Amino acid sequence: MLNYLSAELWRMTRRRSALLLWGIYLLLVFLIGLTLRGTGAMTALENFRNFMLMGIYLAFSLADWAIGGAVRAGSLTNEVSFGLPRVRIYLGKLSAALLVGVLLFLLTTAVFFLGALSPSAVLELSEEDRALVSMDLLISMLHSLPRYVGAVSLAYFLVFTLRPAGAGTILYYLYITIGELTLAAVRVMGMGVVGNMLNHLAKAVRPFLLTNAYFVYSYGNVPPTLGNSWLTGALWLGVTTGLGLLLLRRREIR
């Protein structure tokens with residue numbers, strides 16, 4: 001498995017177009033941070049919290065980069081014909097996406113604050129303020145990281161299993177932009193027992209929406225706890241990976 005993972009990571013670094021695009025992304029992050037220079041550490045932190053929502057939208061690009069057109073180009077057929085277990089193929093590419101995603105997350109954070117905070121601004125902070133900003137940043141990152149894992153796992157599942165290739169793209173962004181908002185806000189009225197069942201189902205899944213750490217929804221306006229964020233990420237990772245492995249096992253690859 002480690003050899004396969006290493007090979008996948010190496011293959012991802014060979015896609016120069018993808019590396020160029022991610023490089024441009026990091027440059028834009030730096031420029032965004034640069035517009036906040038001089039506003040203070042707390043203002044920069046608050047803006048970074050708002051910016052973290054972008055990770056949910058970038059998850060699909062990361063998943064597609066990890067798969068690298070293997071499903072569309074036919075190299076998946078070659079891997080299966082060579083005798084590689086399907087579980088290893090699925091988990092290996094997913095693990096590569098998650099590892100690179102964590103690296104990009106850390107780079108995004110570093111590049112943003114490199115632009116937003118000058119060395120003198122950091123030195124001017126008192127030791128207490130520096131500790132407070134660092135702790136707030138760490139908590140925000142710990143809220144987002146498991147949600148990014150869940151989002152990448154969902155995107156990867158859609159790219160890997162759906163045909164044609166564009167169907168996964170459409171479904172992912174429809175779910176993130178419309179589906180989660182609908183689950184969070186819509187109430188079914190006038191449908192009797194069926195409507196009540198739908199409302200209860202929506203109420204049960206609302207705490208585990210990928211975006212509920214970034215948007216204030218109407219169910220109590222209570223921000224999620226760290227435990228909720230990690231449980232949300234674990235559920236999305238577990239459910240989508242389980243479904244992906246089940247479908248891949250039953251799928252005819254040719």
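**A chain of helices, read from one leucine outward**

Leu-26 touches Leu-107, Thr-108 and Val-111, leaving aside residues up to four places away in sequence. Start there. The model is predicted. Leu-26 is found in helix α2. Its partner Thr-108 lies 82 residues away in sequence, yet the two C-alpha atoms are 6.4 Å apart in space. Is Leu-26 buried or exposed? Its relative accessibility is 17%, and buried means under 20%, so Leu-26 counts as buried.

Now step back to the whole chain. How many helices and strands does the chain have? There are 12 helices and 0 strands. Read along the sequence, the pattern is one α after another: α-α-α-α-α-α-α-α-α-α-α-α. The chain has 254 residues, and 41% of them count as buried. Leu-26 with Thr-108 is one pair brought together from distant parts of the sequence. Take the contacts with a separation of 6 or more: residues 24 or more positions apart account for 83% of them.

Return to α2, the helix of Leu-26. Helix α2 covers residues 16-34. Its 19 residues, at 1.5 Å a residue, should span 27 Å. The end C-alpha atoms are 27 Å apart, so expectation and model agree. Which residues of α2 are buried? They are Ala-18, Trp-22, Tyr-25, Leu-26, Val-29 and Gly-33. Seen down the axis of α2, these buried residues fall within an arc of 95°, so they line one face of the helix. The spacing has a general background. An α-helix has 3.6 residues a turn, so residues three or four places apart point the same way.

The face of α2 turned away from its buried side looks otherwise. It carries the exposed residues Arg-16, Leu-20 and Leu-21. What covers the buried residues of α2? The cover includes α3 (41-51), α4 (54-67) and α7 (86-116).

Follow α7 next. Several helices pack against it, and each packing can be described in the same terms. Two packed helices are described by the angle between their axes and the distance between the axes.

Take α3 with α7. These helices pack at an angle of about 145°, with their axes 11 Å apart. Their crossing is right-handed. On the α3 side, the residues in contact are Ala-44, Leu-45, Asn-47, Phe-48 and Phe-51. On the α7 side they meet Thr-108, Thr-109, Phe-112, Phe-113 and Ala-116. Thr-108 is already familiar, as one of the residues that Leu-26 touches.

Then take α4 with α7. The angle is about 130°, and the axes are 9 Å apart. That angle makes α4 oblique to α7. The crossing of α4 past α7 is right-handed. Leu-62, Trp-65, Ala-66 and Ile-67 come from α4. In α7 they meet Lys-93, Ala-97, Val-100, Gly-101 and Leu-104.

Last comes α1, at residues 2-14. The axes of α1 and α7 come within 9 Å and cross at roughly 55°. The two helices are therefore oblique to each other. The crossing of α1 past α7 is right-handed. Tyr-4, Leu-5, Glu-8, Leu-9, Arg-11 and Met-12 make the contact from α1. From α7 come Arg-88, Ile-89, Gly-92, Lys-93, Ser-95, Ala-96, Leu-99 and Val-100.

Look at α1 by itself. Its 13 residues should span 18 Å at 1.5 Å a residue, and its end C-alpha atoms are 19 Å apart, which agrees. Tyr-4, Leu-5, Glu-8 and Met-12 are its buried residues. They cover an arc of only 100° around the axis, which puts them on the same side of α1. The face turned away from that buried side carries the exposed residues Leu-2, Asn-3 and Trp-10.

One residue of α7 deserves a stop: Gly-92 has its place in that helix. What does Gly-92 touch? Its partners are Met-1, Tyr-4, Leu-5, Glu-8 and Val-87, again leaving aside residues up to four places away in sequence. Gly-92 is buried, with a relative accessible area of 0%. Its C-alpha atom is separated by 9.2 Å from that of Ala-7, which lies 85 residues away along the chain.

Technical notes: Residues are numbered from 1 along each chain as its sequence is written. This is a predicted model: local features need pLDDT of at least 70, side-chain atom pairs count only at pLDDT 80 or more; totals for chains, interfaces and linings use all residues. Side-chain values use heavy atoms; hydrogens and water are left out. Helices (H or I, at least four residues) and strands (E, at least two) are DSSP runs, numbered from the N terminus. The expected span of a helix is 1.5 Å times one less than its number of residues. Buried means under 20% relative accessible area, exposed over 50%, partly exposed in between (1.4 Å probe, protein chains only). The arc is that of the directions from the helix axis to the C-beta atoms. Contact means heavy atoms within 4.5 Å. Axes are lines fitted to C-alpha atoms, for helices over the stretch in contact, and angles run from 0 to 180 degrees between N-to-C directions. Angles under 35 degrees count as roughly parallel, over 145 as roughly antiparallel, 65 to 115 as roughly perpendicular and the rest as oblique. A crossing is left-handed if the near helix is turned anticlockwise from the far one by less than a right angle, and right-handed if clockwise.
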